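Reader: Hi! I'd love a close look at one helix in this model and how it sits among its neighbours. Could you walk me through it in one go?

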Amino acid sequence: MMMKTMKILLITFILQMGFIANSQEEKDDKFKEIEIKTSAQCEMCKERIEKNMAFEKGVKDVVLDLETKVLTIKYRSDKTDPGKLKKAVSKIGYDADDVAADPKAYEKLPDCCKKGGHDHEH
Ligand SMILES: [Cu+2]
């Protein structure tokens, strides 16, 4: 009786060790990085895009460089993909590479955040 319990415990332990090692390896594999050219105009755009994208499924890290308008996203390739990420940016109201901004979302942006908005100096 005692031996059986020990055996089960031992097997469980070994299986768990293997599982932990395995999942850690996989995790590293799954993280990818993508750069998306957006139509961001100002500091508000940066905040808006970063905040919204941070809540997007599979997104680990988001940084928008206002100088280049390039959005760098770290994401889990098993949870999302570049197509979905670009669509998400478009839904916020901004162009994402070849994906044009969603017209409805774009309309809702403040004037200064629209393309060619000259309401204030940046
Ligand atoms: Cu803006």
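Author: Of the contacts with a separation of 6 or more in this protein, 51% are between residues 24 or more positions apart. Keep in mind that the model is a predicted one. The chain has 122 residues, and 21% of them count as buried. There are four helices and three strands, and along the sequence they come in the order α-β-α-β-β-α-α.

The helix to look at is H3, residues 82-92. Its buried residues are Leu 85, Lys 86, Ala 88, Val 89, Ser 90 and Ile 92. What do the buried residues of H3 pack against? Their partners are strand S1 (31-37), helix H2 (43-54), strand S3 and helix H4. I'll take H2, H4 and S3 in turn.

Let's begin with H2. The axes of H2 and H3 lie 10 Å apart, and the two helices pack at an angle of about 130°. An angle of that value makes H2 oblique to H3, and the crossing of the pair is right-handed. On the H2 side, the residues that meet H3 are Arg 48, Ile 49, Asn 52 and Met 53, while H3 brings Ala 88, Val 89 and Ile 92. Sorted by class, this contact has five nonpolar residues, one polar and one charged. The charged one is Arg 48 and the polar one is Asn 52. Ala 88, Val 89 and Ile 92, which H3 brings to this contact, are also among the buried residues of H3.

Next comes the end of H3 and the way on to H4. Just after H3, Gly 93 takes a positive phi of about 115°. Further along, in the loop between H3 and H4 (103-108), you will find Asp 97. Asp 97 is not a glycine, yet its phi is positive too, near 50°. For a general yardstick, most residues other than glycine have a negative phi. Is Asp 97 buried or partly exposed? Asp 97 counts as partly exposed because it has 16 C-beta neighbours inside 10 Å, and a buried residue would need 20 or more.

Within H4, Ala 105 is a good residue to click on. Leaving aside residues up to four places away in sequence, Ala 105 touches Lys 91, Ile 92 and Gly 93. So Ile 92 appears in the contact with H2 and also touches Ala 105. Ser 90, another of the buried residues of H3, is 15 residues from Ala 105 along the chain, and their C-alpha atoms are separated by 7.9 Å. Ala 105 itself is partly exposed, because 15 other C-beta atoms lie within 10 Å.

Finally, S3 leads to the hairpin. Strand S3 (residues 70-76) runs antiparallel to strand S2 (residues 59-65), and six bridges join the two. One of the pairings is that of Val 63 with Thr 72 in S3. The hairpin has four residues between its strands, and Lys 69 sits in that loop between S2 and S3. Like Asp 97, Lys 69 is not a glycine but has a positive phi, here of about 65°. Lys 69 is partly exposed, because it has 18 C-beta neighbours inside 10 Å.

Key: Residues are numbered from 1 along each chain as its sequence is written. This is a predicted model: local features need pLDDT of at least 70, side-chain atom pairs count only at pLDDT 80 or more; totals for chains, interfaces and linings use all residues. Two strands pair if DSSP finds at least two bridges between them. A residue is buried if 20 or more other C-beta atoms lie within 10 Å of its own, exposed if 12 or fewer, and partly exposed in between; C-beta atoms are placed from the backbone. Two residues are in contact if their C-beta atoms, placed from the backbone, lie within 7 Å. Axes are lines fitted to C-alpha atoms, for helices over the stretch in contact, and angles run from 0 to 180 degrees between N-to-C directions. Angles under 35 degrees count as roughly parallel, over 145 as roughly antiparallel, 65 to 115 as roughly perpendicular and the rest as oblique. A crossing is left-handed if the near helix is turned anticlockwise from the far one by less than a right angle, and right-handed if clockwise.
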